[in-house]
Amino acid sequence: MSIKLSAFGAILFIISFTFFYSCTKEGVSANNNAGTGKGGSLTRFTIAGDYLYAVDNHYLYAYSLTNPMKPAKVYTSPLNFDIETIYPFDKYLFLGTRTGLLIYSIDTASAPRLIGQASHARSCDPVVANDSVAFVTLKGNGNCGPAVSGLYVYDIKTIGTPMLQETVELHEPVGLGLQDSVLYVCCGDAGLKVFNVKSPYSPKLITTKKDALYVDVIPYNGILICFARAGILLYDIANPAIPILVKEIAN
Amino acid sequence: MKYILLFMGTMLLSSCWKFNSGYLPPQPQQKVWGSKPVYAAKSAAEKISYTDQKHPNIQPGNIYAFGKFIFQVDVGRGIHVIDNAVPSQADRIGFITVNGCEQISIKGNYLYTNSFADLITLDISNPARVNEVSRVRNAFPELMYNYPLVQPQESGYYNCPQQLDSVVIGWVKDSIFTSCYKN
């Protein structure tokens, strides 16, 4: 996304993240992470339990926060992928890379272990998941091959072998977020798409907010926090299917 | 005889030309309108500070929700603090200067971020007195490449940053001698 300009210029176009949808629990509770907040879907840092997991372009790191004032590196793993994002869910880390999704088990929190992957035949991908379903946004472009830009829905009941169940073509999808059975997908200047995903393998578009250039979202305490190019927008999502704009904070 | 010498001279010259074909002499440097880096000494650039003044968000980046607050990275510059206690009145209330910043995560009283390749731990228990409590140097070497200010934002000519003991903290427009170009 947008936020990097560099020697790794191509990475500009890749966004990946994971996200979870739960049929059995209300909403999304990523972890038993007392004291943590909630990040967007386009992040390279995430905290699960007493560990800070981080990715730069080619490495996965784990830092112990046992002494929260002094993070201590306990793990480094080089990966032959251009990593874009990291997302924690339950005992897993989902890494979005240029070529697909990597799934790590953090059963042993200090030593993440690769247990599965889904590759998208060279595309720029973001990823999503829950204890049974993963939502992924892929942003295809010249640098990343021919994949169709859109929302990809995976069955991850067998976590090691994600199965593609549905694809919804979208223009340049970026960040996404889930509240109950409503999925919010940021599509840049094409707006914020609001999907009903009660039947996760057949997402139904409820509405599109076209008033801003949306990059990422965080559903948090009944408010949808939106990172748009021109500022932050806050929507009341007491009813997740009907976001009501309550505040706009210009850059 | 004169003509023979002239002829030989011409041959010599032409052989020189041939020898040099493909070689372009360095062009004289020209002043053009472009971008010039603004440097800060590394020691100064590492200084973390907090102000309760609102700053405009120049290059909006990652967002993070934590209790009544929203944090938003201003890529390369720092972190905006937004009071979200009453969403309809939410607004930026302060700014944490962290040069080279891109990522953010929080647990308890501590905010973890990066300053270039370093991992920084900030104590945010008193939002008015955010301070650095530890720094792991070169924790994420590749995040250095993502630093957005290694180049100016706009395309065009710019001076390549070359001061090794300094970091670039911004770009200004000026009349510069050409050195680098961004497409």
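These questions and answers concern a predicted model and look at its nonpolar core, a sheet of chain B and the contact between the chains.

Me: Which strand of chain A gives the most to the largest nonpolar core?
Reply: The largest nonpolar core has 106 residues, and I225(A) and C226(A) are those with the most contacts inside it. Leaving aside neighbours within four places in sequence, C226(A) is in contact with L192(A), Y214(A), V217(A), I232(A), L233(A) and Y235(A). The strand that gives the most to this core, with six residues at 223–228, is β19 of chain A.

Me: Which strands stand at the edges of the open sheet β7-β8-β9-β10 in chain B?
Reply: The four strands of this open sheet follow the order β7-β8-β9-β10 in chain B, with antiparallel pairing. Two of the strands have a single partner strand each, so one side of each is left without a neighbour in the sheet, and these are β7 (104–107) and β10 (131–136) of chain B.

Me: Which residue of β8(B) does S105(B) stand opposite?
Reply: β7(B) pairs with strand β8 (residues 110–115) of chain B in the antiparallel sense, over four bridges. In β8(B), the residue opposite S105(B) is Y112(B).

Me: How many residues of the side of chain A that touches chain B are nonpolar?
Reply: The contact takes 43 residues from chain A and 42 residues from chain B. Strands that each supply at least two residues of the chain A side include β5 (59–64), β18 (214–220) and β19. The residues on this side of chain A comprise seven charged, 11 polar and, as nonpolar ones, 25.

Me: Which residue of β3(B) is the bridge partner of K38(A)?
Reply: β2(A) and strand β3 (residues 60–66) of chain B run antiparallel and are joined by two bridges. The partner of K38(A) in β3(B) is A65(B).

Terms used
Residues numbered from 1 in each chain as written. Chains lettered and ligands numbered in written order. Predicted model: local features only at pLDDT ≥ 70, side-chain atom pairs only at ≥ 80, totals over all residues. Core = buried A, V, L, I, M, F, W, Y, C linked by C-beta atoms within 7 Å. Buried ≥ 20, exposed ≤ 12 C-beta atoms within 10 Å, placed from the backbone. Contact = placed C-beta atoms within 7 Å. Pairing = 2+ DSSP bridges. Nonpolar A, V, L, I, M, F, W, Y, C, P; charged D, E, K, R; others polar.
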